[in-house]
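Please open the model in a viewer and keep the sequence panel visible beside it. The tour below proceeds by selections, each followed by a description of what is found there.

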Amino acid sequence: MHELAITESIVAAVTEKLPGAPIRRVCVEVGELSGVVPDALRFCFELACAGTTLEGASLDIVRMPGRGQCQSCSAEFDTTDFLVLCACGSAEVTVLGGRELRIREVEVV
Ligand SMILES: [Zn+2]
């Protein structure tokens, strides 16, 4: 499962930065275009945390909106779609936001 690998790397990153510190909460930014399903991420987070300093920690997920800019007509727009298409029909769209997957905050007990 995609999300399990992601949560495992989140746990690894946190334990590497804060070795031995008991963690109360982790806040991650998840872009709407990242392909990550928040519910699945929550579920896997619990599994990945078991037996680590993150055991019992809560996971806050901040959704980052998908944002694209068309290279043909330079329109900027919100998108939740993977295949980003501009209203003008162009597929030459630069993704400006929404692919985030990063740890924003870690709260130590
Ligand atoms: Zn366009």
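Begin by selecting C49 and C44. The sulfur of C49 lies 11 Å from the closest cysteine sulfur, that of C44, which is too far for a bond. With 2% relative accessibility, C49 counts as buried. Next, select C27, whose sulfur is 14 Å from the closest cysteine sulfur, in C49, and therefore too far for a bond as well. C27 counts as buried because its relative accessibility is 6%. Over the whole structure, a search finds zero disulfides. These values, like those that follow, come from a predicted model.

**The whole chain**

Now display the entire chain as a cartoon. Two helices and six strands are present, and along the sequence they follow the pattern α-β-α-β-β-β-β-β. The radius of gyration is 17 Å, well over the 13 Å that the globule rule gives for 109 residues, so the chain is more spread out than a compact globule. Its C-alpha trace spans about 50 × 25 × 15 Å along the principal axes. Of the 109 residues, 39% are buried. Among contacts between residues at least 6 apart in sequence, 71% join residues at least 24 apart.

**The three-stranded sheet**

Select residues 58–64 (β2) and 101–108 (β6), together with residues 23–31 (β1). These three strands form an open sheet in the order β2-β1-β6, with mixed pairing. β2 and β6 stand at the edges with a single partner strand each, so one side of each has no neighbour in the sheet. Neighbouring strands of this sheet are turned by 20° against each other on average, direction ignored.

Focus on β1 and β6, which pair in the antiparallel sense over seven bridges. Here C27 appears again, standing opposite E105 in β6.

**The two helices**

Add residues 2–17, helix α1, which lies across β1 and β6 and runs at about 45° to β6. Then add residues 38–49, helix α2; this helix packs on the sheet, touching β1 and β2, and its direction makes about 155° with that of β2.

**The nonpolar cores**

Which residues touch the most other members of the largest nonpolar core? Select I10, V26, V28, L41, F45, L54 and L59, which do so within a core of 17 residues. The elements giving two or more residues to this core are α1, β1, α2 and β2. Another core, of five residues, lies apart from it and includes C70, F77, C86 and V93.

Return to V28 and show its surroundings. Not counting residues up to four places away in sequence, V28 touches I10, L41, L59, D60, I61, V62, R102, I103 and R104.

**The remaining strands**

Select residues 67–70, strand β3. In a regular strand the side chains alternate between the two faces of the sheet. In β3, G68 and C70 make up the covered face, while R67 and Q69 belong to the uncovered one.

Add residues 76–78, strand β4, which runs antiparallel to β3 and is joined to it by three bridges. Q69 stands opposite E76 in β4. The hairpin of β3 and β4 has five residues between the strands, and in it S74 takes a positive phi near 55°.

Finally, select residues 93–97, strand β5, which pairs with β3 in the antiparallel sense over four bridges. In β5, G97 is the bridge partner of R67.

How values were computed. Residues are numbered from 1 along each chain as its sequence is written. This is a predicted model: local features need pLDDT of at least 70, side-chain atom pairs count only at pLDDT 80 or more; totals for chains, interfaces and linings use all residues. Side-chain values use heavy atoms; hydrogens and water are left out. Two strands pair if DSSP finds at least two bridges between them. Axes are lines fitted to C-alpha atoms, for helices over the stretch in contact, and angles run from 0 to 180 degrees between N-to-C directions. Contact means heavy atoms within 4.5 Å. A disulfide is a pair of cysteine sulfur atoms within 2.5 Å. Buried means under 20% relative accessible area, exposed over 50%, partly exposed in between (1.4 Å probe, protein chains only). A nonpolar core is a set of buried Ala, Val, Leu, Ile, Met, Phe, Trp, Tyr and Cys residues joined through side-chain atoms within 4.5 Å. The radius of gyration is taken over C-alpha atoms; the globule rule is 2.2 Å times the number of residues to the power 0.38.
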